[in-house]
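The following exercises concern salt bridges, helix packing, burial and backbone geometry. Each task is followed by a solution in steps.

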Amino acid sequence: MRFQAQLRLAKPRLLTQAHKGKKRKTWLVNLMYVPALILLAVFIFYPFLQGIRLSFTNWDGYSDEMQWVGWLQFRRILTDADILHTIVNTLIYGLGSTLLQNIFGLAYALFLDRKVRGQGIVRTIIYLPIIISPLIMGYIGYFFFQYDGGAVNDILKIFGNPPRDWLSNGALAVWIITFVNSYQYVGIAMLIYLAGLQAIPKEYLEAAALDGASSFGRFKDVTLPLLMPSVTISIVYNIIGGLKLFDIIVALTQGGPGYASQSLSTMMYNLYFARQDAGYAATMGIVMFLLISIISIFSLRSLRGKEVQL
């Protein structure tokens, strides 16, 4: 009886000590976030806030003096003759790349989800362009599509056709850039879809097959609904990457001919370094941030509502 009484008296003290130990352990774990938060604050949040401040000035990017001009830089956007065409190009890069990468990425994943010979080699070949710098990939694309000595024109010559200056046509150059960007990053979409396919229980597909569903019916009614979480991740990731496309454009066309293939990223770069108009360049950065945020959030909310939990 005495031991039980002592145990009842000691139990609250032991629980308090255990609670304190748990709080101390949680606090130590939370300290691990501090280095990451410092890096985010220094390299993300502070530059972003500085960009907002600079968008209200006429700073040239070099001098120590800057004048506060209020909303003048934002009003310039409404009268800029190049801005509408640039936004359209940016949307083509973002949405066009997303469409191509997801169509081909899903097709590759469906093919590689089966037991085929050389499966690992095919995966490696498809994924290999991702490890190449986007700038280098742009130069590789340039060697394919350049007028003198380009691989595409050499193939045309073999069949007796005259060479074409593919990159001198602004509209065509935009789609070539979109294709090169899609080719480089289709491997990421493939891996996302492949992981999603391998997470789907095979029993569902077997049950559908026993009910007489065709291959397309099984894909439409079973595979695709259960694959929607992967679709969401892939589409949002591709949209963000495509809308901020920069390196491949610089390597292939420099935004030309003229400004026919420029995006908001390359326009912002030219405004800062070529025109020494850092205030307006910062305004372009804010516009690009808002455009990417609106489209990404809208896509995420729309696709999340169509997901089916396993």
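**Exercise 1.** Determine whether Arg 76 is buried, partly exposed or exposed, and identify the acidic residue with which Arg 76 forms a salt bridge.

*Solution.*
Step 1. Accessibility is classified by relative accessible area: under 20% is buried, over 50% is exposed, and values in between are partly exposed (1.4 Å probe, protein chains only). Arg 76 has a relative accessible area of 30% and is therefore partly exposed.
Step 2. A salt bridge requires a side-chain nitrogen of Lys or Arg within 4 Å of a carboxyl oxygen of Asp or Glu. The side chain of Arg 76 satisfies this with Asp 277, at 2.9 Å from N to O.
Step 3. This pair links distant parts of the chain, 201 residues apart: Arg 76 belongs to helix α3, and Asp 277 to the loop between α12 and α13. Helices are DSSP runs of H or I with at least four residues, strands are runs of E with at least two, and both are numbered from the N terminus.
Step 4. Asp 277 has a relative accessible area of 15% and is therefore buried.

The model is predicted: local features need pLDDT of at least 70, side-chain atom pairs count only at pLDDT 80 or more, and totals for chains, interfaces and linings use all residues. Residues are numbered from 1 along each chain as its sequence is written, and side-chain values use heavy atoms, with hydrogens and water left out.

**Exercise 2.** State how many salt bridges the rule yields, and describe the one formed by Lys 202 and the one formed by Lys 220.

*Solution.*
Step 1. The count comes to three salt bridges.
Step 2. Lys 202 pairs with Asp 113, with the closest N and O atoms 3.5 Å apart. Here too the pair links distant parts of the chain, 89 residues apart, with Lys 202 in helix α9 and Asp 113 in the loop between α4 (83-112) and α5 (119-127).
Step 3. Lys 202 is partly exposed at 39% relative accessible area, and Asp 113 is partly exposed at 26%.
Step 4. Lys 220 and Asp 221 meet through their side chains at 2.9 Å, N to O. Lys 220, with a relative accessible area of 43%, is partly exposed.

**Exercise 3.** Characterise the surroundings of Gln 73 and the packing of α3 against α13.

*Solution.*
Step 1. Gln 73 is located in helix α3, residues 72-79. Its relative accessibility of 2% is the reason why Gln 73 counts as buried.
Step 2. A polar contact is a pair of N or O atoms within 3.5 Å; within protein, one must be able to donate a hydrogen and the other to accept it, and residues adjacent in sequence count only if both atoms are side-chain atoms. The side chains of Gln 73 and Arg 76 form such a contact at 3.0 Å.
Step 3. Contact means heavy atoms within 4.5 Å. Residues up to four places away in sequence aside, Gln 73 touches several others, among them Ser 55, Asn 58, Asp 277 and Tyr 280.
Step 4. The axes of α3 and α13 lie 9 Å apart at an angle of about 70°. Axes are lines fitted to C-alpha atoms, for helices over the stretch in contact, and angles run from 0 to 180 degrees between N-to-C directions.
Step 5. Angles under 35 degrees count as roughly parallel, over 145 as roughly antiparallel, 65 to 115 as roughly perpendicular, and the rest as oblique. The two helices α3 and α13 are therefore roughly perpendicular.
Step 6. From α3, Gln 73, Phe 74, Arg 76 and Ile 77 meet residues of α13 that include Tyr 280, Met 284 and Val 287. The residues of this contact comprise six nonpolar, three polar and one charged; Ala, Val, Leu, Ile, Met, Phe, Trp, Tyr, Cys and Pro count as nonpolar, Asp, Glu, Lys and Arg as charged, and the others, Gly among them, as polar.

**Exercise 4.** Describe the loop between α11 and α12 through Thr 253, Gln 254 and Pro 257.

*Solution.*
Step 1. Thr 253 is buried, at 13% relative accessible area. Its side chain makes a polar contact of 2.8 Å with that of Ser 261.
Step 2. Gln 254 has a phi near 60°, a positive value in a residue other than glycine. Gln 254 is exposed, at 54%.
Step 3. Gly 256 and Pro 257 are joined by a cis peptide bond, with omega about 0°.
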